[in-house]
Amino acid sequence: MKDIVVYTVMPNLPERLRPLMDLAKNLWFSWNLEGIDIFRSIDQNLWEETNHNPLAVLGRLGNERIQELLGDEGFLSEMDRIFTEFKRYTEKGKAYHFGLETPFDFTVAYLSAEYGLTDCLPIYSGGLGVLAGDHLKSASDLRVPIVGVGLFYQKGYFRQYLNVDGWQQETYPDNDFHVLPATIERDEKGDPLSVEVPIKNRKVKVRVWRIAVGRIPLFMLDTNTVENSEEDRDITSALYAGDREMRLKQEIVLGIGGVRALDKMGYRPAVFHMNEGHSALAILERIRLLMERHQLSFAEAREAVYASNIFTTHTPIPAGIDIFDRPLMESCLGNYVRALGISMETFLSLGAEGSNPNEPFNMAVMALKNSAKTNGVSELHKNVSRRMWRRIWPMLPEVDIPIEGVTNGIHIPSYISDDMSRLFNRYLGRKWAEDPDNVKVWERVNRIPDSELWRAHERRRERLVAFTRQRLQEQLLRRGGHKIDIQAAGEVLNQEALTIGFARRFAVYKRGDLILKDPARLAKILNDPQKPVQIIFAGKAHPQDNEGKMVIKNIIHLAQQPEFRHKIAFIEDYDLTVARYMVQGADVWLNNPLRPLEACGTSGMKAAANGALNMSVLDGWWAEGYQPGLGWAIGSGEDYEDHEYQNLVESQAIYDLLERHVVHLFYDRGRDNMPRKWIGGMKKSMSTLAARFNAHRMLEDYLHQFYLPLALNWREIEAGNFEKIRTYSSWANHLRGNWSQIKILEKRADVRSVIPLGETLKVEARLQLGRTPPQDISVGIYYGLIDSKAEFIERDVIILRDFTQEGDQTVFRGEIPSRKVGRFGFRVRILPSHPLLTNPYSLGLILWG
């Protein structure tokens, strides 16, 4: 079929309806409820059939319906109003205010293997992708200068269905890119833009597509083009599918191809942000470009790239990291690496934790070793990541390992129900969506009358129950179920019962069946005739995760037992649509991972913004968000070595919470049948959590902690044809060569008597520096409270800036403040110091004494 002539047909609307095409081609519609409503009003059935794809809706409109729309003045007026708002939003305006005295333009490149953006773009698998999508949406709202890069999967992630035994099956339907809200990027001649990526001994052609995410361009890479072999066309066929070689090829396309695509389109990002390690090979391509264009050495180019890289790690589980055998790396990248003028061993060492010559190549390690800034996605995950990667920094105490924490947040307008949105417009002000991290805005939740808030929430529960019934009937019909069973599925659940939601990936550590551990006790809770409770589950297991599939199967089998038949439901094919129904309609959001294996988790944030109360293990974001009155904590943050015992203890804790607190609070009604105390908890949860755990706050954390400092540093680095980085690289080599000559001869302080609170302790450090000048090092006093074994309980650092030369010795002096009482200790710590040194640990040089 290679000789087939391919062409594309697009909707051809009358000029009066052309604004609909502009709206359909920008994902702004997906987080603007009025934008969704205008397309839904065109044809409700088409909207559902096309999985909420406005371009597909327009493409399937008949002439009769088009004429009806042209004659509908109300529709046209509403379309014009929404289009005017869209143009106001997307047209260039005042950029984000960076707080600098002089204007400063820069671009951040954001690279991710998946993006969860909207229902009709199934190019994500879970939280990593949804987080990436929210990152771009908030960047659009805030006008932060980001450009995204990802892979355009022909089949995306799998669609899930269950067989009659409850065992998960997978299908991979094709994405027709030409009827999705994406356009082929074109070069200055008007031809489709493409780049070539080296894999093994050949060049793979990569096409570039553009998705408009509000104001933010997202460029998607696609190898399914006739210029490639069948093998290479399949590289971007499916997300997280295939063997290790396929995964490596995808990451070559994302990392190397992503940098080349941006470069060909004229983008010159000052900062590169790698969302997980899948895009780590971008580091290598950036080095190559600098070497080629500015005649830098590999070492010089690496220092420049290092200083402008950010790496966000999302997994606390070693098994979740991409690791590749050395022969595979040699096979796929050997020619490319040698063309850089470095040996394969030098390259492979960039992705090795230790010094074992047979250690496989670790993408996360490469990103960690070559990024000035690294962060976990919650405070707890920051600490877990430091423990997980301590081998990379063996000379550092765990608390000093340079991995920071930026807790994830959600793009609230993308998940809020229309019922709740209307309440917010009325009582929080119509601009609440543009300022979701403003605490004062969310305090206005308390202005919402209890009756209005409760009725809005009840409507969403009713819709969740109706949606669940419909999906259950469709599931049974697809499996060839009996007519009586299909009819019965339309009667499951109770629209007024306390509804618990559990929806996430069915990885084993997430313990999807924890609440089912004691079926007899659970049945008693669910079947109380006066206080009924019900549970709705949704989620996918990885196609190769049989343990996760078994958890789903167990839920299905339990739900079929008489005592649970109308109380437990499992919705197949969990996606953004299912997620929205669940977070908008659940009363309680259940989350019970094995602590500390949940890096962050964001579904509970979405539920909280819609008024649900969280009941969760103190892991991920909930370890920061929980406080009494905002929901419930399962346990007290304990870590267990025996997971079976942990499952027993925490499953019983769930039952205890339900029996003693949750159910009683929900059914504690007054004469008006409203649970006033429960509504008070809803308001407290919404006003407290939504203001903090949102993507605007998250993005501003990245901006001020990472993007802006690194962008300013990049401006210094690239000035004068990178002359400063050449000087810096030479300085670093000199320092490495002379570091062994630096000696801490003595540290001195008068500690014979007790130091009165508020006074200072004078200290000095006598050093021998050899050929290293004093200004090239930072001498710090590392001090703090210590325990009975002289281990630091907490620590701080003061830098000794005053020094004198005494012969061949240098004496640094300073004072330690005494702000607390107790038993203290101090050490001397020496690190490199240079104006371009963005991370003092990057050179691997440290001396303790």
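Start by selecting arginine 479: at 25% relative accessibility, this residue counts as partly exposed. Keep in mind as you go that the model you have open is predicted.

Now add glutamate 572 to the selection. The side chains of glutamate 572 and arginine 479 form a salt bridge, with 2.4 Å from N to O. Colour the surroundings and you will find glutamate 572 in the loop between strand E17 (568–571) and helix H22 (576–585), while arginine 479 sits in the loop between H18 and helix H19 (483–489), so the salt bridge ties together parts that are 93 residues apart in sequence. Is glutamate 572 buried or exposed? Glutamate 572 is buried, with a relative accessible area of 1%.

Next, move to helix H18 (residues 450–478) and pick out glutamate 458 and arginine 455. Here, too, the side chains meet in a salt bridge, at 3.7 Å from N to O. About one helical turn separates the two, because they are three residues apart in the helix. Glutamate 458 counts as buried because its relative accessibility is 18%, under the 20% cut-off. Arginine 455, at 34%, counts as partly exposed.

For the next stop, go towards the start of the chain and select aspartate 80 and arginine 16. What joins their side chains? A salt bridge does, with an N to O distance of 2.7 Å. This pair links distant parts of the chain: aspartate 80 belongs to helix H6 (residues 73–90), arginine 16 to the segment before helix H1 (19–24), and their positions lie 64 residues apart in sequence. Both partners count as partly exposed, aspartate 80 at 29% relative accessibility and arginine 16 at 36%.

Then try a group selection: Lys200, Arg202, Glu231, Asp232, Glu245 and Lys249. These residues are linked in a network of salt bridges. Across the model, the count comes to 71 salt bridges.

Finish at the second largest pocket, which holds about 1,000 Å³ of space. To centre your view, select Glu48, His52, Phe467, Thr577 and Tyr581, the closest to the pocket's centre of the 41 residues that line it. Which elements each supply at least two residues of the lining? They are helix H2 (33–42), helix H3 (44–49), strand E3 (159–162), H18 and H22. H18, already visited for its salt bridge between glutamate 458 and arginine 455, gives the most to this lining, with nine residues. Colour the lining by residue class and you should see twelve nonpolar, 13 polar and 16 charged residues.

Notes. Residues numbered from 1 in each chain as written. Predicted model: local features only at pLDDT ≥ 70, side-chain atom pairs only at ≥ 80, totals over all residues. Heavy atoms only, no water. Salt bridge = Lys/Arg side-chain N within 4 Å of Asp/Glu carboxyl O. Helix = DSSP H or I, 4+ residues; strand = E, 2+ residues; numbered from the N terminus. Buried < 20%, exposed > 50% of the residue type's maximum accessible area, 1.4 Å probe, protein only. 1 Å grid on protein atoms, 1.4 Å probe; cavity = no way out; pocket = protein on both sides within 12 Å on 5 of 7 lines; lining within 4 Å. Points joined across faces, edges and corners; volume = space filled by probe spheres on them. Nonpolar A, V, L, I, M, F, W, Y, C, P; charged D, E, K, R; others polar.
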